[in-house]
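Subject: Structure for you to look at, with notes

Dear colleague,

I am passing on the structure we spoke about, and my notes follow below it. Please read them with the structure open beside you.

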Amino acid sequence: MSIPAIRFTDERLPNGLRLVIAEDHLAPVVAVNIWYAVGSKHEVPGKTGFAHLFEHVMFQGSAHVGKAEHIALVQAAGGTMNGTTWLDRTNYYETLPSHELELALWLEADRMGTLLDALSQENLDNQREVVKNEKRWSYDNRPYGTWSEKLQAHLFPPEHPYHHPTIGSMEDLDAASLDDVKAFFRTWYAPNNAVIAIVGDVEPADARRWVRRYFGGIPTNADVPRLGDLSLPPSLGAERREIVPDRVPLPRIYFGFRAPQFGDERLDALEVAAQILAGGKGSRLHRRLVREEQIAQDVALFSLGFVGGASMCAGWATVRPAVSIERVEQAFTEELERMSIEPATDDELVRARALIETDELGALQRVEERADRLAMYSTLFDDPDLINRMLERYLSVTAERMRDVAGSVFRQENRVVLTYVPLIPQADEAALDEKAALADEEVAA
Amino acid sequence: MSDGVVATRPKPGVPRPYQFPAFERTRLANGLTLITVQLDGRPLVSANMVLLNGAADEPATEAGATVLAARAMSEGTERFDAIALVEAAERLGASLHAEASWDAMTAGVEVTASRLEPALELLAEMVGRPTFPPREVERLRDERLNDILQARADPRRRADEAFVDAIYTDDSPYHRPAAGTAETVAILSRDHARRSWERGMDPAALTLVVGGDLRGVDVAAIAQGLFGGWEAARGAAQPRPVVARSAQDGRLVRLVHRPGSVQSEIRIGHPGLPRRIPDFHALSVMGAILGGLFNSRLNRNLREDKGYTYGAGAGFDLRRGPGPFAARAAVNTEVTVPAIAEMLRELERMRDEPVTDDELAAARDFLVGVFPLRFETPGPVVGAIAGLVVHDLPDDELARYRPQIEAVTIEDVHRVAREHLHVDRAAVVLVGDADAVAGDLEGAGFGRLEVVHDEVEPAV
């Protein structure tokens, strides 16, 4: 089965804004997705969490748009929208009925050009509190909630900008000032540091005209900084382990590995390997740990692709009650290592490829996803046509290539192991002390 | 300073006409209903079998049997053991799945149209001839028991559980989690799972919905071959009406103590309404204004104005029976009491003041405008039709949705708020740090306060 190639056009405005357009008139829907080439990797110590806080500020109004009015206008137009911040980039997107495309473009241009006109201490303070609550809700107030922050901190050295989490720290968030916001905007939010993808029921001539009308007057920033060399040794060098007592009923072991960068074909092979290892009930880890030996409640393994030196391959296994943690850790790592000793069988390859194909078809059938990927491949690789080549890349991964990448990635010296163990709460400790004291008294009497 | 941008807000273009796709019903020889939806240009087909047997239909002592049965259907059939079944599906690139909710069991598959027939064969095998192997059922049962431990430790899930426990009487099915409690799940066996599955296995009550680009695929002939010979199981039964009653006649405040919590997970509400109510559209508009839109009253107040939360919302869970109405927010511990006060204030305000023209327009325009976006791909189309089947709604329900939303007035919204929001007997349930908030909660006078201390059972 092949997926028809996505036809698109790719051009730049004189001010550097890259515009990618792909038509699809099947549904009366259009997706707009704008990627700015700034993420948490552009943050410096003392200012972590800033790119994401800034993303929130982008919804607080601009010269001709009120606080939260962007969202109100998109929803009133029958659209959905959001923004996300990650290590390598920030994106803003809206999907709307196709006759509302011009509004979306006008809104994105207004904030790209004039965010600072509406910036106020009050709005910054408000969104700071919102972001701090996002941090609490997503990480701090959840069982096992610190896992990703800890894996990042172990896998990447302190001087590397992947060391800290995108959400940032409470201290740094509290310290963010209006001047910081202004400087960040002027440095990064320029048309020549952005890609806008428009996908769906669009007339390209109209889209071009509107993009030029609304974005064309926004000046270039000739001084967008280039990050220094973020390259890293492919291996961590020595295993790192941490035991994390937490309010959890079941122990859970998290694993992290440095992996080849996003864009490297070895990461493609690692992703297919992860599908075979943990991609559902037919996978090696699920079959052995969850079904046959019944030592794990659940298992996972996946990669997060980054372009700044190395990607992260992460996984976990939740330990069932009355099962030794060591046994689960050993079984998990044995299966990872087995990938390089007993490479994927023909049947495993057939199944993995069939699932990847269906997944890809499912993802690309939505205009929102297509727009995000076109913007992604343009921003990270200067190659929007990757959207038409990635599936073939995955399907051409062989058992030998998986064996090789598994052999180099899943080594003990490239491994972080976090073991979350149940914490006995203080109340119980007090109760135990009390019981012990009573027992002593009884003995004495 | 307006640097290089255009001040004038653009006007919308002319909307392209959109109708919810037409669908065709056929009845197979044994009474099984087949609904097909032709969706040009959508090669990834979605097929869904609906069994009118949900968690609400199981005896209370066997709570969790229906969810367990759904999970266990794919763990062994007469022709395949679990691994063989999953591998057969994966070779087709098909995802084969089954799940149960309060209202129904559904089993489905997503696969390219060219492989639809073999995928439906597997679906027929899974739904029609499951064997519920004891070893697998016991493993799934134990997984649910472990999941119950995890749910206790997760403040969001613990809040949801404590909330329904507070608002429904003990004999209401909705009082408990759909997947059952530690007590009821512990005794479940493959016989319970099998009995639950049998309840739904009456071809005259089964519906298969298939949507996608089906040109060149004779779905009716395939369905007749695979499902047309099915007979009713001995244990097949009609779903019974769901009786779910309110446990509260005044305001209860229940705080589940979670030491060191940096947020309080708050739920405020009461038993709500079933899906089949004449006020469905007015209720949808009211819900969007109160707590559905980003600029809803609750979110604008608690997030955009006060910064108490990452998000606040509210809504009715409309099931075959009256599912809960809840307003929800997770707020930093320090602002727990003021946040609850604001949430209650917004609920009262919704009852006391009619909404403005702008609020009505925002909700109406969103619900009407987003309608085509909801159905971009076959999955949601098939899901929406399955929903009509579950709730016994007419075939033109979706075609009438937008005009009926357009027709909702300010008076309608006010009326449904007054009739269906019961702030005086709403339970306020939260999971948070009692050491930090119990004192202030007591003093706030929201209602009679109960503090719950979960027993901690460290896993051995």
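How many residues of chain A are in contact with chain B, and how many of chain B with chain A? Before the answer, please bear in mind that this is a predicted model. In it, 86 residues of chain A are in contact with 80 residues of chain B, and the area buried between the two chains is about 7,400 Å², with carbon and sulfur atoms giving 54% of it. On the side of chain A, the residues that lose the most area to chain B are W137(A), N141(A) and R291(A), which together make up 10% of what that side buries.

The polar part of the interface can be counted as well: between chain A and chain B there are 42 residue pairs in polar contact, both residues being at pLDDT 80 or more, and the count of salt bridges between these chains is 11. Several elements of chain A each supply at least two residues of the side that touches chain B, among them α2 (69-76), β5 (90-97), α3 (101-118) and α12 (346-364), while α4(A) gives the most, with 10 residues. Sorted by type, the residues on that side of chain A divide into 35 nonpolar, 26 polar and 25 charged.

One salt bridge across the interface deserves a closer look. The side chains of D142(B) and R320(A) meet with N and O atoms 3.4 Å apart, and the pair runs from helix α4 (residues 134-153) of chain B to the loop between β10 (311-319) and α11 (325-341) of chain A. R320(A) counts as buried, at 8% relative accessibility, whereas D142(B) is partly exposed, with a relative accessible area of 21%.

Over all chains the structure holds 90 salt bridges, and two others may be useful to compare. In chain B, R254(B) and D165(B) meet at 2.7 Å, N to O, and this pair links distant parts of the chain, 89 residues apart, with R254(B) in strand β7 (residues 252-257) and D165(B) in helix α5 (residues 155-167). Here R254(B) is buried, with a relative accessible area of 13%, and D165(B) is partly exposed, at 33%. Salt bridges that share partners also join R288(A), E293(A), R327(A), E334(A), E335(A), R338(A) and E342(A) into one network. The other pair, D264(A) and R266(A), likewise meets at 2.7 Å, N to O; D264(A) is partly exposed at 23% relative accessible area, and R266(A) is partly exposed at 48%.

Turning to the nonpolar interior, the largest core has 147 residues, and those with the most contacts inside it are L289(A), M402(A), F410(A), F20(B), I268(B) and M286(B). Helix α9 (residues 265-278) of chain A gives the most to this core, with nine residues. Beyond its neighbours within four places in sequence, M286(B) is in contact with F316(B), M350(B), V413(B), V416(B), A417(B) and L421(B). A second, separate core of 60 residues includes L13(A), I34(A), L53(A) and F54(A).

Finally, A427(B) lies in strand β11 (residues 427-432) of chain B and is buried, with a relative accessible area of 0%. Leaving out residues up to four places away in sequence, A427(B) touches F163(B), A166(B), I167(B), L252(B), R267(B), I268(B) and G269(B).

With best wishes

Terms used. Residues are numbered from 1 along each chain as its sequence is written. Chains are lettered from A and ligands numbered from 1 in the order in which they are written. This is a predicted model: local features need pLDDT of at least 70, side-chain atom pairs count only at pLDDT 80 or more; totals for chains, interfaces and linings use all residues. Side-chain values use heavy atoms; hydrogens and water are left out. Contact means heavy atoms within 4.5 Å. Buried area is the accessible area (1.4 Å probe) that two parts lose on being put together, summed over both. A salt bridge is a side-chain nitrogen of Lys or Arg within 4 Å of a carboxyl oxygen of Asp or Glu. A polar contact is a pair of N or O atoms within 3.5 Å; within protein, one must be able to donate a hydrogen and the other to accept it, and residues adjacent in sequence count only if both atoms are side-chain atoms. Helices (H or I, at least four residues) and strands (E, at least two) are DSSP runs, numbered from the N terminus. Ala, Val, Leu, Ile, Met, Phe, Trp, Tyr, Cys and Pro count as nonpolar, Asp, Glu, Lys and Arg as charged, and the others, Gly among them, as polar. A nonpolar core is a set of buried Ala, Val, Leu, Ile, Met, Phe, Trp, Tyr and Cys residues joined through side-chain atoms within 4.5 Å. Buried means under 20% relative accessible area, exposed over 50%, partly exposed in between (1.4 Å probe, protein chains only).
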